[in-house]
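Colleague: I would like to learn how to read a new structure. Could you walk me through it?

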Amino acid sequence: MSFIAKPKVAHPGLPRNELGLTRRDYEGGMSTLCAGCGHDSITAAVIEACWQMSMRPEQLVKLSGIGCSSKTTAYFVSGGHGFNSVHGRMPSIATGAIAANKDLYYIGVSGDGDTLSIGFGQFAHAMRRNLNMLYLIENNGVYGLTKGQFSASADIGSKAKKGEANLQPPIDPVLAALTLGGTFVARSFSGDKEQLVPLIIAGLKHRGFALIDVLSPCVTFNDHEGSTKSYEFVRDNYEEVVHADFIPPAREITAEYAEGDAMPIALHDGSRVLLRKLDPSYDPTHRGKAFNYLRDKLAQNEFVTGLIYIDESSPEFHDMNGTTTTPVNQLSYQQLSPGSKGLEKILARYR
Amino acid sequence: MQHAPASNSASTDTPDRLNDFVIKLANVNGTGSASANTLLMKSIFRMGIPVMGKNYFPSNIQGLPTWYEIRISRDGYVARSGRIDFMVAMNAETYAKDVREVSPGGYLLYDSTWPRPALLKRDDITIFGVPLARICNETFQGVRARILLKNIVYAGVLGALLDIELDVMRTLLGESYANKKSLLDSNLKALELGYNYAKERFACPLPLKVRRMDKTADHIMIDGNTAAALGCMYAGATVGAWYPITPSTSLMDAFKGFCQKWRIDPETGKRNYVIVQCEDELAAIGAVIGAAWNGARSFTPTSGPGISLMNEFIGLAYYAEVPAVIFDIQRVGPSTGMPTRTQQCDLMLAAYASHGDTRHVLLFPNSPEECFYMAAQSFDLAERLQTPVFVLSDLDIGMNDWMCPTLKWDDEYRPDRGKVLSAEQLEQIEKFYRYLDKDGDAIPYRTLPGTHPKGAYFTRGSGHTQYGGYTEDSTEYQIVLDRLKRKFETAKTLVPKAVIDSRGSTSLAIVSLGSCDGAVREALDLLRHRGVQIDYMRVRAFPFGQEVEDFLAAHSQIFIVEQNRDAQLRALLTLETAVEKSKLHSILHYSGLPISSTAIVAGVLASAPEQRLAVGV
Ligand SMILES: Cc1ncc(C[n+]2csc(CCOP(=O)(O)OP(=O)(O)O)c2C)c(N)n1
Ligand code: SF4
Ligand SMILES: [Mg+2]
């Protein structure tokens, strides 16, 4: 494998966003994943989302652990810094990076192995801290990069390529996030760009920790019959409960919705997510109800997708810390040192 | 005190033990003895007499034995001397052992409210019984108050016996309870009860006593963790991440305390710092690396078990060239070991932490004073060299109160943030490559997220080229790995130099590091007093500079003094310098208690060839 820079050719006809940038400007290096890998579709959705948001590329910080999924941060927005860290420990890198500079967009890309096994502790604690970031799990039920072992998200009875069935119960990141206090909890599918792109935008704009568990089939090790993470199985057992549309600030909600079906949620920058409830009984602002709904559906082998839960009011990491407005990595030395006079005062106690 | 004068015997006009003895206080932990013991030590310090306090405490919250040792040394020696002149035996459980420990001719004070068995008496020491509990029960209300004030009563007794100035003790209590009038009153009362009890019944003062000197002016008493925390604040550290572990916890506690006072935005009341108490050390080091990568000065305090957990990330920071400052306050290993006892047992662990070919910059402070300056310097080194830097302190330095020269800060200081390209610089260059050695010092340029689209690069722990791209090509990989080795050569020129005390000996020398220093200096005085010509080098950093090579080459028999079983400093010297291994003899101390000068003297005398030691031995 090698790192291949994609040639950047700007076709005059390509659509441009508010910054005058084309989708091409949000691309990264050439993917070295298997052809048809779900992860590549997620990469495309991230590129689309960043382009639609008119994000300045250098405003994006891309963090990841280790795995096929974690490699993808090299395949989008090459104008933003990337950090491919160690297996399962991206959340702590994110903690430090966000502590240092609260004014950038942070996207963490992880796998089901990276998040739910080796990194489960860090994942849980990043959520507790309500770090202001978007956390994507590219969930394929296996360890892709180490060639197809079951991961902790493998469903009971799901079969490995060689026929062996998984007997241990899965860890569902969405259920986990609901119990651990996640403030933006979503599930999607790599094959559903229409659902995924607005979720990514909303997740980046959410003030706090936004989790999107994206089912993302591994064509090489987990796309066969008997797998519950294959393209076919996911498509057949996929139920969207709440569709999220992203409405930028100062844009009207134009489409018509039946009363009770649409629910606008204001984000802190003035934009909104408009939730279209496909099941009118569902309430995406009620943690307990959301949890029960998901549990019931899972028992029937149905993957509930969409924006499952949202809470825009909880304090995020820096709110809880009471951090100053200027990112701490930009404070001047004068603001940080009490100087020799200060030292004299401090040391009075030690005489 | 760092530089003890060479005089080591009492001059003829001073009574023998004046300002030169050791008090040991045997207490039960959780009974509030710390404040009384600090009061005694500080009073002597305020009287201008050099003093050192060492706390031997259990890994427990309440009910186990704890000892506090106060060395009063008119000559300024800070190490354990190996003798106990006055024992305050407050713990019935350890009484038998405590009685045995007193040096012949010494003294012992115990609570005579309840009789102690006669068989534990000794004829060669003087024993004072004071009914401390009874005095408190008769005077004070409440169980807790009575237990706490018992300690102040014995402080009063000692005040009278040792001739500690009562006014100084009163003033110190006044400072401690400035805003708590009722507490102050009861403490003053307890102090006087003890003082008067002794005055009335015993021949005060004893020959063992203190008298005002002028040797502590412009000095402070501070522990190494507090001093290191101050150093972090003065270095401009803004992100601290940690997971609690003895003996490092007080470093972050102190940093937090300083930040709450000095790092609050005056207009908004908001914090100019972020402290993250992480879920474990795996996360703490991750947060430090993430923050440093993103341009904040960040650090983590920990101890051996934490370093073990951090290993994988440390290798990433080394290879991806991310600054990080790690304080390892060493404690006794292996495994959980003895968490509240001291050792210098993490040298090898830290020097080569993580898998693959890795080597790290280590600093070895010898005192709280150096903890302060080296803490600040560690950030400059980490950012200049773009690599993890370890400050290897230990429990003895970190948690004990040491007398040291007042810390000074140069207002001209500006952090050395290293080679970080600004937006303007990026605007001007054609293309930025992360790992190119442009200046020939093996240190590349880096950029921070958010600065400029041209500055973006991909940080990875996997194989990378000097341009920053992914690689599995042998040559490309080796170019970067070889440069990292050269970068370590650059580090040699930047780290603090060894401190050398040379008397021109070409044969004998001692090499040591960190908290051994006080004991080594005292041992040098004792040895030189006996006519042994011996030089001394205290290494202050790894990698070792040229001066270390030169010193090793210039001596034929070298004693390496260190506090671990496996002679880790000796191992590091043999691996990383050209020294001939057979020249290096170990003097090892790893009991968990700080090393004493007597152990070093004995070690040198035992193994140095006799012809060289003929003089005076
Ligand atoms: C400490 C450590 N242990 C093991 C590995 C080997 N490893 C690399 S990727 C991986 C699993 C990745 O699975 P997942 O996160 O699901 O990513 P996927 O490849 O499926 O996208 C493992 C076990 C490693 N890199 N580091
Ligand atoms: S092994 Fe699976 S997860 Fe990895 S790139 Fe191939 S298809 Fe994708
Ligand atoms: Mg996977």
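Modeller: We will go from the chains to a metal site and then to two single residues. Please keep in mind that this is a predicted model.

Colleague: Let me begin with chain A: how many helices and strands are there in chain A?

Modeller: A count of elements is a good place to start. Chain A has 12 helices and 12 strands. Its radius of gyration is 21 Å, close to the 20 Å that the globule rule gives for 351 residues, so chain A is as compact as a globular protein of that length. Along the principal axes, its C-alpha trace spans about 75 × 50 × 50 Å.

Colleague: And what share of the residues of chain A counts as buried?

Modeller: Here the cut-off helps: a residue is buried when its relative accessible area is under 20%. In chain A, 59% of the 351 residues fall in that class. The accessible surface of the chain comes to about 13,700 Å², and 52% of that belongs to carbon and sulfur atoms.

Colleague: How do I read the contacts and charges?

Modeller: For contacts, look at how far apart the partners are in sequence. Among the contacts in chain A with a separation of 6 or more, 70% are between residues 24 or more positions apart. For charges, compare the centres of the two sets: chain A has 34 positive and 37 negative side chains, with centres 9 Å apart.

Colleague: Now chain B. What does the globule rule say about chain B, with its 617 residues?

Modeller: The idea is to set the rule beside the model. A compact globule of 617 residues would have a radius of gyration near 25 Å, and the 27 Å of chain B agrees with that. The chain holds 20 helices and 21 strands, and its C-alpha trace spans about 85 × 70 × 40 Å along the principal axes. Buried residues make up 61% of chain B. Of its contacts with a separation of 6 or more, 76% come from residues 24 or more positions apart.

Colleague: Where do the charges of chain B lie, on average?

Modeller: The mean positions of its 65 positive and 69 negative charges are 4 Å apart. Chain B exposes about 22,700 Å², with 51% supplied by carbon and sulfur atoms.

Colleague: Which residues are the protein donors of the magnesium ion (ligand 3)?

Modeller: For a metal site, list the donor atoms, then ask where they sit in the chain. The magnesium ion has OD of Asp112(A), OD1 of Asn140(A) and O of Val142(A) at 2.1 to 2.2 Å. Asp112(A) is in helix 4, while Asn140(A) is in the loop between strand 4 and strand 5; this pair, 28 residues apart, links distant parts of the chain. Asp112(A) counts as buried because its relative accessibility is 2%, and Asn140(A) is buried too, at 4%.

Colleague: Is Ser393(B) buried or exposed?

Modeller: Read the accessible area first, then the neighbours. Ser393(B) is buried, with a relative accessible area of 2%, and it lies in strand 13 of chain B. Leaving out residues up to four places away in sequence, Ser393(B) touches six residues, including Asp328(B), Pro365(B) and Cys371(B).

Colleague: What about Thr179(A): buried or exposed?

Modeller: Thr179(A) is exposed, because its relative accessible area of 56% is over the 50% cut-off. This residue belongs to helix 6 of chain A. From Thr179(A) to Ala160(A) there are 19 residues in sequence and 29 Å in space, C-alpha to C-alpha.

Notes:
Residues are numbered from 1 along each chain as its sequence is written. Chains are lettered from A and ligands numbered from 1 in the order in which they are written. This is a predicted model: local features need pLDDT of at least 70, side-chain atom pairs count only at pLDDT 80 or more; totals for chains, interfaces and linings use all residues. Side-chain values use heavy atoms; hydrogens and water are left out. Helices (H or I, at least four residues) and strands (E, at least two) are DSSP runs, numbered from the N terminus. The radius of gyration is taken over C-alpha atoms; the globule rule is 2.2 Å times the number of residues to the power 0.38. Buried means under 20% relative accessible area, exposed over 50%, partly exposed in between (1.4 Å probe, protein chains only). Contact means heavy atoms within 4.5 Å. Accessible areas come from the Shrake-Rupley method with a 1.4 Å probe; for residues, only the protein chains shown count as cover. Lys and Arg count as positive and Asp and Glu as negative; His and the chain ends are not counted. The place of a charge is taken as NZ of Lys, CZ of Arg, CG of Asp or CD of Glu. Donors are N, O and S atoms within 2.8 Å of the metal (3.2 Å for Na, K and Ca); water is not among the atoms, so sites may look incomplete.
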